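Dear colleague,

I am handing over the structure below, together with an account of what was found in it. Please keep in mind while reading that this is a predicted model.

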Amino acid sequence: MAEYLLQRQQFIRAPLDDVFDFFSNAHNLEQITPGWLRFRVLTEAPIEMKLGARIRYRLHIAGVPVGWDTCITRWEPGQSFVDRQERGPYRLWIHTHSFEPMADGVLMGDSVRYALPFGPLGRFAHLLWVRGALARIFDYRFERITQLFAAR
């Protein structure tokens, strides 16, 4: 199985508590996900974020609706949390969110270990489409996060 790693960092000029609270609210994902994915959180609010919390989503890939279920496998309030796909479009998806307080804000990090199904076909899809699509999704997130925290 070919594994890939996507890593991003973003400085957010806001207090740590505000930043962590924003990212630990799964319903805020809808605000920072591109519209072309038609991403929706299906789990009713409020979601109690904690170790073992399960969250259901729906998104569209190339117009096809796809369910995505995740579980919080690490929960360290104010520092980090990890969501792991239990069911969804990837063979493996482990997303680590980290938060490092700094003098004027927070350095927020995303580290995603992922793999695709379908062996060689999945590797080809990664080169042809998935790698670029994930880059566009996280570029969009960066811009939206900048906008949302500038407006606070």
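Trp-75 stands opposite Phe-81 in E5, and this pair belongs to the antiparallel pairing of E4 with strand E5 (residues 80-87), which runs over 7 bridges. The hairpin of E4 and E5 has 3 residues between the strands, and in it Gly-78 takes a positive phi near 80°.

On the E3 side of E4, strand E3 (residues 54-61) and strand E4 (residues 64-76) are likewise paired in the antiparallel sense, here over 8 bridges. Two of the facing positions may be useful to you when you inspect the coordinates: Arg-58 stands opposite Gly-67 in E4, and His-60 stands opposite Pro-65 in E4. The hairpin of E3 and E4 has 2 residues between the strands, and Ala-62 takes a positive phi near 55° there.

These strands are part of an open sheet of 7 strands with antiparallel pairing, whose order is E1-E7-E6-E5-E4-E3-E2. Because E1 and strand E2 (40-41), at the edges, each have a single partner strand, one side of each is left without a neighbour in the sheet.

Turning to helix H1, its buried residues are Val-19, Phe-20, Phe-22 and Phe-23. Seen down the axis of H1, these residues fall within an arc of 160°, so they line one face of the helix. On the other side of H1, by contrast, Asp-17 and Asp-21 are exposed. As for what the buried residues of H1 pack against, the partners are strand E1 (3-12), E4, E5, E6, strand E7 (105-115) and H2.

Finally, the pockets: the largest one has a volume of about 700 Å³. It is lined by 39 residues, of which Leu-59, Trp-68, Tyr-90, Trp-93 and Leu-134 are the closest to its centre. Two or more lining residues come from each of helix H1 (16-23), E3, E4, E5, strand E6 (92-102) and helix H2 (119-150), and H2 gives the most, with 10 residues. What is the division of the lining of the largest pocket into nonpolar, polar and charged residues? The lining comprises 30 nonpolar, 7 polar and 2 charged residues.

With best regards

Technical notes
Residues are numbered from 1 along each chain as its sequence is written. This is a predicted model: local features need pLDDT of at least 70, side-chain atom pairs count only at pLDDT 80 or more; totals for chains, interfaces and linings use all residues. Side-chain values use heavy atoms; hydrogens and water are left out. Two strands pair if DSSP finds at least two bridges between them. Helices (H or I, at least four residues) and strands (E, at least two) are DSSP runs, numbered from the N terminus. On a 1 Å grid over the protein atoms alone, a cavity is a set of points where a 1.4 Å probe fits but cannot get out, and a pocket is an open set with protein on both sides within 12 Å along at least five of seven lines; lining residues have an atom within 4 Å of a point. Grid points are joined across faces, edges and corners, and a volume is the space filled by probe spheres set on the points. Ala, Val, Leu, Ile, Met, Phe, Trp, Tyr, Cys and Pro count as nonpolar, Asp, Glu, Lys and Arg as charged, and the others, Gly among them, as polar. Buried means under 20% relative accessible area, exposed over 50%, partly exposed in between (1.4 Å probe, protein chains only). The arc is that of the directions from the helix axis to the C-beta atoms. Contact means heavy atoms within 4.5 Å.
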